[in-house]
Amino acid sequence: MRLTVLGATGGTGRQLVRQALDAGHEVTAVVRDPARLAVPPEGAGALEVVTADVTDAGALRPAVAGRDAVLSALGANGVKQARSTAIASRGTRAALAAMEATGVRRLVVVSAAPVGPVPEGENLTGRLAFAVVRRVLGAVYEDLARMEEALRGSSAEWTVLRPPRLLDGPLTGRYERVLGGAVPRRHSIARADLAHAMLAVLDDPATAGQVVGVAG
């Protein structure tokens with residue numbers, strides 16, 4: 001497949017680029033600073049790096065035109081950035097506009113488990129964690145909620161993945177998925193596994209127009 005990755009220099013974005021290349025996909029990585037994207041030499045031939053403002057739909061059009069799907073790992077790094085940039089919602093709206101203009105339909109994005117309700121069957125530790133992070137990181141989740149709202153109002157074939165706390169760690173391929181909400185009693189996932197889950201839903205029609213909880 002020909003894929004465009006937004007947020008390609010973040011922790012999850014770097015994993016997306018590497019795993020997509022390893023799987024034989026052609027990847028267009030949209031970045032602000034190309035120096036931050038380390039690519040193994042064996043994958044360089046299938047990678048195109050585009051420097052663009054992800055909140056500018058016009059700048060994104062060349063990066064998404066002719067692609068089979070767009071994957072977005074956009075998200076604010078903390079409350080201050082969420083309030084000042086609203087990068088997830090603004091970037092997603094720009095991506096949707098660029099996709100509509102170029103006829104690209106499939107979009108997979110990262111949100112977060114606390115954007116939705118506490119899952120049925122969650123334990124006390126999880127319920128407390130949801131309450132705490134919503135209070136501390138409220139602006140981050142508000143930005144992600146606006147992103148999800150923009151998706152629901154679009155004509156794109158979108159999938160939202162809602163992970164819990166993200167960790168650095170190796171790809172295991174061992175994680176749980178739940179359609180429609182968060183995974184109960186699972187409170188973290190490796191970024192490598194999140195990237196794996198994002199790539200896995202691309203060919204799964206059951207996830208189109210769905211929120212998918214994923215956790216290790």
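Reader: Why are strand 2 and strand 3 called a pair?

Author: Happy to explain. In this predicted model, strand 2 (residues 26–31) and strand 3 are joined in the parallel sense over 5 bridges. Pairing asks for at least two bridges, so the two strands qualify. Within strand 2's partner, V49 of strand 3 is the residue that A29 stands opposite.

Reader: Which strands are the edge strands of the sheet, and what makes them so?

Author: The open sheet has 8 strands in the order 3-2-1-4-5-6-10-8, with mixed pairing. Strand 3 (47–51) and strand 8 are its edge strands, as each pairs on one side only. On average, neighbouring strands of this sheet are turned by 20° against each other, direction ignored.

Reader: Which strands does helix 4 touch?

Author: Helix 4 (residues 87–102) packs on the sheet and touches strand 1 (2–6), strand 4 (69–72) and strand 5 (106–110). The direction of helix 4 makes about 170° with that of strand 5.

Reader: Now the charges: why do R146 and D143 count as a salt bridge?

Author: Their N to O distance is 4.0 Å. The rule asks for a side-chain nitrogen of Lys or Arg within 4 Å of a carboxyl oxygen of Asp or Glu, so the pair is counted. R146 and D143 are 3 residues apart in helix 6 (residues 138–152), which means about one helical turn separates them.

Reader: And how do you know whether D143 and R146 are buried or exposed?

Author: Buried means under 20% relative accessible area, and D143 has 1%, so D143 is buried. R146 has 36%, which lies between 20% and 50%, so R146 is partly exposed.

Reader: What makes R152 exposed, and what is E148 called?

Author: Exposed means over 50%; R152 has 51%, so R152 is exposed. E148, at 3%, is under 20% and therefore counts as buried. These two form a salt bridge, with the closest N and O atoms 3.7 Å apart. Both lie in helix 6, 4 residues apart, about one turn of the helix. E148, R152 and R162 are linked in a network of salt bridges.

Reader: Why is the pair R186 and E176 said to link distant parts of the chain?

Author: The side chains of R186 and E176 meet in a salt bridge at 3.2 Å, N to O. The pair links distant parts of the chain: R186 is in the loop between strand 8 (176–179) and strand 9 (188–190), while E176 is in strand 8, 10 residues apart. R186 counts as partly exposed at 34%, and E176 counts as partly exposed at 36%.

Reader: How many salt bridges does the rule give?

Author: The count comes to 9 salt bridges.

Technical notes. Residues are numbered from 1 along each chain as its sequence is written. This is a predicted model: local features need pLDDT of at least 70, side-chain atom pairs count only at pLDDT 80 or more; totals for chains, interfaces and linings use all residues. Side-chain values use heavy atoms; hydrogens and water are left out. Buried means under 20% relative accessible area, exposed over 50%, partly exposed in between (1.4 Å probe, protein chains only). Axes are lines fitted to C-alpha atoms, for helices over the stretch in contact, and angles run from 0 to 180 degrees between N-to-C directions. Contact means heavy atoms within 4.5 Å.
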